[in-house]
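Reader: Could you walk me through this model and show how each label is earned?

Author: Gladly! Here is what we will be looking at.

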Amino acid sequence: MKKFLSWTLLLALLLGLTPAAGAADGADARLSRVTAAVKAALGLDTAAYDSFRGVCDEQELVPVWTLYWTGSGGSLNVEALEDGTVICYRLEREDAQAARPGFGGIPAFPAGSEAAARTAAEAFLQKVLAPGESAEVGESRSGNDLRGSGCYFSGDLLLNGVPSPLSWSLTVGADGQVERFRRDVAENTWLGELPGAAPAVAQSAAAQSLRSTQKLRLEYVRDGDTAVLRYLPEAAHQFYVDAQTGALVDLTELQEDMWKNAPTGGSDNASSAPAAAEDAGEGGLSEAEQAGIAQMAGVLSREDLDRQLRAAAEYGLSRYTLVSARYDQAADGEVRPAANGAQDSAGEEARILCTLRYSRAAQGGQVSTRVFTVDAKTGALAWFYSTAPWRENARAAVSPAQAQAKAEAFLQAYYPDHAAQLALYESTDRTGDGAPFYTFTFARKVNGYFFPGSAYTVGIDAADGAVSSLHFDYDEALTFQDPAGIVSADAALDAWMETYEVRLAYLAVPQPLTGSGEAVQRLRQLGHKSFYVPKLGYGLVRADDVPGIDAKTGQPVRVEEPARTAAYTDVANHWARAEIERLAQYDVGYESDRFQPRKSLTQLDLVYLLASLEGWRGDPDSAADQERDTAYSIAYELGALTRAERQDAAVLSRAAAVRMLLNAAGYSPAASLQGIYTCNYTDHQSIPASELGYASIAQALGLVGGAYAGTRAATRAEAAVMLARLMDR
């Protein structure tokens, strides 16, 4: 027995199977050690919890413990590594209403400031980050959310002061306590030691290498009713420059190879076609659908539509059986060109589509399908697609050149007007991997430049050359920008590179598995051939979204982030400016650059103001009927008024404005009590008994002071001030 144990130990040492620290301990000892480390790191006082348990998840790289504390006051869950490193923290409290929601349907302004929440976040991160780790706590992404529970912060972890792919997120409740925290850790992200942070390659040299990976193409893009020329980036892989060797590395290729060979890798046969209507089975239509279609004159039967499709030999339907047909109404505004390239005569009026599904069974039980969506009154094709099994190691019977010729011939035969303006834009050939179809996209070409916004995509069956799919969109009405005076490709690329920062960072880079460590062996047993290791490298990063370079001006086209808060141009010198702008910080107000504080308040104005409390914003001065209905539905839900009281254009008195606001805040039952209220407005004697409850509550809450002036027309500014004061209570 001793000899057997000696050989076992020797074998373990030779294979690098050194037991992990603590692995020989019992689960109770390990749990005790992790719990103590977590409590020490977080400074936890767990005396209030009356139940505790811990479980361990032996993951691929490292064990992760989950600790659960529960009690009458709530619960606490913490996930941590064996050494006590906290990777997840979730605090649930029964007294979570410390983040006071407000009154009734009206929320309160957050009790804590974003600055205080940021301080709490920074203090918590100091507890849970290890030496060499740091994080920058920026602007909260939810600091203006009235219905949220606090402030949410997130970012990337810095390792040795250098950005990394490890991220973190944290939520601070309204009372200043951290409620949620999660972070990535190197231990279960990559293998190997973190390299040093000092690069051997200069940033300028890395920038030149990275520039060589960027390619731009010049083509038209839609801008309103005009197509303008723009330099756009070619779809490209992500590269980085190794900061020690200067090598240019294709990170995308490494990742694709890793996942292609991963135990769960591989590809499926998912179609890229638009979602077709679900089959209704062999019967096709429900009784309700049949009854509806029977009332629609001119709708063709499935047999007639089937005959029209089979008449086109290009679809290769001779070996297919029609298994179902489903009729449905087209989406609003959905209009596609007819088969002759002109507008479908059915237009948008009551346009009914029919989806016909064909099937062909092959040897081995494999099934191929053709799914056509056509105009049910004319038979005009809207789109179609096919599915078929992938055939690994099978050779395509149709060559790429033959397939392209068949696609072009199909367009010439059925869409001659458009085909004359089309040219091959891109093609996909994965038949070498067993794909059953080729795909060709022909885009409109104007002044020698492509406009892919008007294009036909045609699939060709690699086995028999039949047309296997068609999707198209073509806009005849666009005006195309004159290409005269555009900047050069080199100038565009210079402008494009200036939108990037060449940043030094740690990267997770796939590498072949080497060595014989315990984690490496587990990964190999799971079928992995490569895994991530940390590398220091230069890459291209950008803070904002830049889709391309304007070909006329040579300037980057930037996608502007929507403003977090409303900005009004007409409140600078108004007495209610502070309250109006404070509401705007939380997106409460109007979807307009003018608040019009002196405007007499209409019922619609106040309804829109209340609706914005729920995140719905609009401009009552330019509202369509449907928008008004939406705003009123929110006001009804809040309890501000009833449906019978709706009068969009009615100018509200101050008393009516107070009533709607207090109703929304849930004070209606109390305000309706008679004979118990008094108030000391300067004009209290003129307040009707039916309004005294509302007037008294408004005074007690500080909404109105001095004279009540209930009969005077309220203004938008007064409504904003009353609402802000109500949200401050």
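Author: Let's start in a loop: Asp587 lies between helix H12 (577–585) and helix H13. Please keep in mind that this is a predicted model.

Reader: Thanks! What makes the phi of Asp587 worth a remark?

Author: Its sign and its residue type together: Asp587 has a positive phi of about 60° although it is not a glycine. Ala709 is another such residue, with a positive phi near 50°; Ala709 sits in the loop between H17 and H18.

Reader: Why is Asp587 called partly exposed?

Author: The relative accessible area of Asp587 is 24%. Buried would mean under 20%, and exposed would mean over 50%. The value of 24% falls in between, so Asp587 counts as partly exposed.

Reader: And how do you know whether Gly548 is buried or exposed?

Author: The relative accessibility of Gly548 is 0%, and the cut-off for buried is under 20%, so Gly548 counts as buried. Gly548 belongs to strand S26 (residues 545–550). Leaving aside residues up to four places away in sequence, Gly548 touches Arg230, Tyr231, Leu232, Trp496, Gln555, Pro556 and Val557. One of these, Trp496, is 52 residues away along the chain, yet the C-alpha atoms of Gly548 and Trp496 are separated by 7.4 Å.

Reader: Tyr231 is on that list. Which residue is its bridge partner in strand S11?

Author: That is Leu218. Strand S11 (residues 216–223) and strand S12 (residues 226–233) pair in the antiparallel sense over 8 bridges. Pairing requires at least two bridges, and this pair has 8, so the label is justified. The two strands form a hairpin with 2 residues between them, and Gly224 in the turn has a positive phi of about 70°.

Reader: What makes helix H13 largely enclosed?

Author: Of the 9 residues of H13 (residues 603–611), 9 are buried, so the helix is largely enclosed by the rest of the structure. Among them are Gln603, Asp605, Tyr608 and Ala611. The buried residues of H13 pack against strand S6 (106–107), helix H14 (625–638), H15 and helix H18 (716–727).

Reader: Since H15 has come up, why is H15 called roughly perpendicular to H17?

Author: The axes of H15 (residues 654–664) and H17 (residues 692–700) come within 10 Å and cross at roughly 75°. Angles of 65 to 115 degrees count as roughly perpendicular, so H15 is roughly perpendicular to H17. Val658, Arg659, Leu662 and Asn663 in H15 meet Tyr694, Ile697 and Ala698 in H17. The residues of this contact divide into 5 nonpolar, 1 polar and 1 charged.

Reader: Let's turn to the sheet with S1 and S7. What makes these two edge strands?

Author: The open sheet has 8 strands in the order S1-S2-S3-S4-S10-S9-S8-S7, with antiparallel pairing. Strand S1 (51–58) and strand S7 (133–134) each have a single partner strand, so one side of each is left without a neighbour in the sheet. The partner of S1 is strand S2 (residues 63–71), joined in the antiparallel sense over 8 bridges; within this pair, Arg53 has Tyr68 as its bridge partner.

Reader: How do you know that S10 pairs with both S4 and S9?

Author: Count the bridges against the requirement of at least two. Strand S4 (residues 86–93) and S10 (residues 178–183) are antiparallel and joined by 3 bridges, while strand S9 (residues 162–173) and S10 are antiparallel with 5 bridges. Both counts meet the requirement, so both pairings hold. Arg182 in S10 shows this nicely: Arg182 is the bridge partner of Cys88 and also of Ser169. The hairpin of S9 and S10 has 4 residues between the strands, and Gly176 there takes a positive phi near 90°.

Reader: Which helices lie across these strands?

Author: Helix H2 (residues 27–42) lies across S1, S2, strand S3 (74–81) and S4, at about 70° to S2. Helix H3 (residues 114–128) lies across S4, strand S8 (150–159), S9 and S10, at about 125° to S9.

Reader: Finally, how many helices and strands are in the chain?

Author: The chain has 18 helices and 27 strands, and 44% of its 729 residues count as buried.

Notes:
Residues are numbered from 1 along each chain as its sequence is written. This is a predicted model: local features need pLDDT of at least 70, side-chain atom pairs count only at pLDDT 80 or more; totals for chains, interfaces and linings use all residues. Side-chain values use heavy atoms; hydrogens and water are left out. Axes are lines fitted to C-alpha atoms, for helices over the stretch in contact, and angles run from 0 to 180 degrees between N-to-C directions. Angles under 35 degrees count as roughly parallel, over 145 as roughly antiparallel, 65 to 115 as roughly perpendicular and the rest as oblique. Contact means heavy atoms within 4.5 Å. Ala, Val, Leu, Ile, Met, Phe, Trp, Tyr, Cys and Pro count as nonpolar, Asp, Glu, Lys and Arg as charged, and the others, Gly among them, as polar. Buried means under 20% relative accessible area, exposed over 50%, partly exposed in between (1.4 Å probe, protein chains only).
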